[in-house]
Amino acid sequence: MVFSVVQTSLVTVSVIITFLLILPERGLAQNGEIDSLRALVKGMEQQLQKALQRIDQLEKEKGTTATRVDQVEKSVRAVQSAPSALNPAIGMAIDATAEQRSKAGGTFNFRSAEIGIAASIDPYARGYAFFNGSGDGVEVEEAAMVTTSLPWNLQARGGRFFADFGRLAKFHPHEYAFVNTPLSLERIVGGESQADGAELSYLFPTPFFLRGTVGGYNKLGAENERLDDTNSRAWSRFTYLGRLNTYFDLSDNHSIELGTSLAYTPSIRIPSDPHGGSRTLSGLDLTYRYQPLSSTLHQGVTVGAELFGNSERVERDSGFRRMFAPGGYAYVEAKLNRQWSAGFLYDNAPSLTSPGKKTQSYSPFLTWNLSEFNRLRFQYTYGNDNVNESKADGGNQFFLQWTTTMGAHSHGFANR
């Protein structure tokens with residue numbers, strides 16, 4: 001409105017001045033008319049002056065408002081950098097099976113109820129935790145902090161987490177494409193690669209994805225009983241890891257993920273053996289995916305395989321000897337449509353003390369995704385067991401798995 005008044009005043013003054021200039025002096029016969037015009041011009045000048053003062057005042061207020069807006073925008077950006085700091089994502093996964101094993105009988109197996117919490121801590125870090133309850137009790141499965149703004153393509157992680165060893169060892173069992181953890185992974189790695197420690201990852205500036213990871217931990221493997229997480233020790237009894245993995249597209253529909261891992265423990269105390277010994281755990285993982293662009297994520301084929309090798313001193317009848325035990329698994333899964341997928345798993349699990357003895361298993365499986373939060377899976381397994389660690393490992397085995405998730409429950413981009 002102020003600018004409109006100013007514009008009108010300027011136009012009026014211009015018209016009057018023009019009129020005075022072109023009006024001949026003889027046309028103003030009476031001095032009274034001239035005085036009236038002069039008074040009118042003077043009044044307009046006063047209105048114009050007030051309008052200009054009001055403009056100056058508004059400009060000052062605008063500057064103050066802009067400063068306040070900038071402060072508000074900075075606060076908003078700070079909150080946006082950690083959008084979930086005050087509202088963490090919470091979810092839960094429930095996993096149970098009905099099982100029938102020819103050499104062990106049947107059971108209803110409540111495998112786990114897992115609660116996950118994740119949130120941004122501030123612009124510099126995020127945190128996540130998974131609490132798992134099962135028939136054996138409740139434990140903190142993961143609770144870690146991860147940096148988000150380190151320079152030079154670096155990322156650090158600390159706490160309890162699944163160490164960056166291999167591929168499947170970093171998944172929770174309800175995230176597998178099949179029902180059970182492969183025996184080769186359980187025996188050689190120790191199941192999930194759970195570790196208390198710290199990692200540092202570097203993303204190489206290459207045209208394709210290439211990442212390197214180094215880490216140090218109390219031990220590696222949720223079921224690894226060689227070392228104790230609760231006791232202090234010499235640095236030679238920690239486990240140190242190095243990993244290099246890459247991902248690249250072969251074409252629009254085909255991709256490859258490849259990784260190699262090495263975990264080394266310089267010294268492990270062995271009962272009745274004063275010399276002890278070191279342990280070397282190695283792994284090679286390969287994942288191939290066929291994902292046609294026309295079908296989004298509801299069709300495609302995934303082929304995955306991992307080879308493991310464990311080298312350490314073990315006790316035998318002839319005394320303590322260093323043994324190398326190789327093993328691994330391979331599987332294929334075909335997504336037929338939004339709801340159905342089918343696949344096959346082969347597993348070769350050696351004995352660590354007698355690598356010549358193995359448990360080989362063959363497992364076809366069929367998955368029915370009622371929705372993305374509710375899944376049923378049927379699996380048949382035949383185990384040819386020469387190790388005899390457990391009678392449940394051999395013979396014919398049948399599984400019906402029911403897995404559900406509630407809320408925000410994610411372990412990363414596992415299906416990419």
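A salt bridge is a side-chain nitrogen of Lys or Arg within 4 Å of a carboxyl oxygen of Asp or Glu. In this predicted model, Asp164, Lys170, Arg211, Arg243 and Asp285 are linked in a network of such salt bridges. The report begins with the overall make-up and then returns to this network.

## Overall make-up

The protein has three helices and 16 strands. Of its 416 residues, 39% are buried. Among the contacts with a separation of 6 or more, 55% are between residues 24 or more positions apart.

## Salt bridges

Side chains of opposite charge can pair when their charged atoms come close. The structure contains 12 salt bridges. Three of the pairs are set out below.

| Pair | Closest N and O atoms |
|---|---|
| Arg160 and Asp196 | 2.8 Å |
| Asp164 and Lys170 | 2.7 Å |
| Arg243 and Asp164 | 3.2 Å |

Asp164 appears in the table with Lys170 and again with Arg243. Is Asp164 buried or exposed? Asp164 has a relative accessible area of 4%, under the 20% limit, and is therefore buried. Its partner Arg243 is likewise buried. Lys170, by contrast, is partly exposed, with a relative accessible area of 23%.

The salt bridge between Arg243 and Asp164, with its closest N and O atoms 3.2 Å apart, also has a place in the fold. Arg243 belongs to strand 8 (residues 239-249), while Asp164 sits in the loop between strand 5 and helix 3 (183-189), so the pair ties together parts that are 79 residues apart in sequence. Both Asp164 and Arg243 are members of the network, together with Lys170, Arg211 and Asp285.

Arg160 and Asp196 form a further salt bridge, in which the closest N and O atoms are 2.8 Å apart. This pair links distant parts of the chain, with Arg160 in strand 5 (residues 154-162), Asp196 in strand 6 (residues 194-203) and the two positions 36 residues apart. Arg160 counts as partly exposed because its relative accessibility is 24%, whereas Asp196, with a relative accessible area of 18%, is buried.

## Strands 5, 6 and 7

The two strands that hold Arg160 and Asp196 are also paired through the backbone. Strand 5 and strand 6 run antiparallel and are joined by nine bridges. Within this part of the fold, Phe161 stands opposite Ala195 of strand 6.

Strand 6 also runs antiparallel to strand 7 (residues 209-217), with seven bridges between them. A hairpin of five residues connects strand 6 to strand 7. Leu203 stands opposite Arg211 in strand 7, and Arg211 is one of the residues in the salt-bridge network.

## Two buried loop residues

Ser193 is located in the loop between helix 3 and strand 6. Its relative accessibility is 0%, and it therefore counts as buried. Which residues does Ser193 touch, not counting residues up to four places away in sequence? They are Phe161, Phe162, Ala163, Phe165, Ala169, Lys170, Leu220 and Gly221. Among them, Phe161 is the residue opposite Ala195, and Lys170 is the salt-bridge partner of Asp164.

Leu352 is found in the loop between strand 13 (340-350) and strand 14 (358-371). With a relative accessible area of 16%, Leu352 is buried. Apart from neighbours within four places in sequence, Leu352 is in contact with Arg187, Ile188, Arg226, Asn310, Glu312, Val314, Met323 and Ala325. One of these, Asn310, is 42 residues from Leu352 in sequence, and the C-alpha to C-alpha distance between the two is 7.5 Å.

## The cavity

Rolling a probe the size of a water molecule over the atoms shows where empty space is left. A search of the whole structure yields one cavity of 30 Å³ or more, and the volume of the largest cavity is about 30 Å³. Its lining consists of Thr239, Ala263, Thr265, Arg279, Thr280 and Leu281.

Which strands each supply at least two residues of this lining? Strand 9 (254-270) and strand 10 (273-290) do so, and strand 10 provides the largest share, with three residues. By residue class, the lining of the largest cavity comprises two nonpolar, three polar and one charged residue.

Note on methods: Residues numbered from 1 in each chain as written. Predicted model: local features only at pLDDT ≥ 70, side-chain atom pairs only at ≥ 80, totals over all residues. Heavy atoms only, no water. Helix = DSSP H or I, 4+ residues; strand = E, 2+ residues; numbered from the N terminus. Buried < 20%, exposed > 50% of the residue type's maximum accessible area, 1.4 Å probe, protein only. 1 Å grid on protein atoms, 1.4 Å probe; cavity = no way out; pocket = protein on both sides within 12 Å on 5 of 7 lines; lining within 4 Å. Points joined across faces, edges and corners; volume = space filled by probe spheres on them. Nonpolar A, V, L, I, M, F, W, Y, C, P; charged D, E, K, R; others polar. Pairing = 2+ DSSP bridges. Contact = heavy atoms within 4.5 Å.
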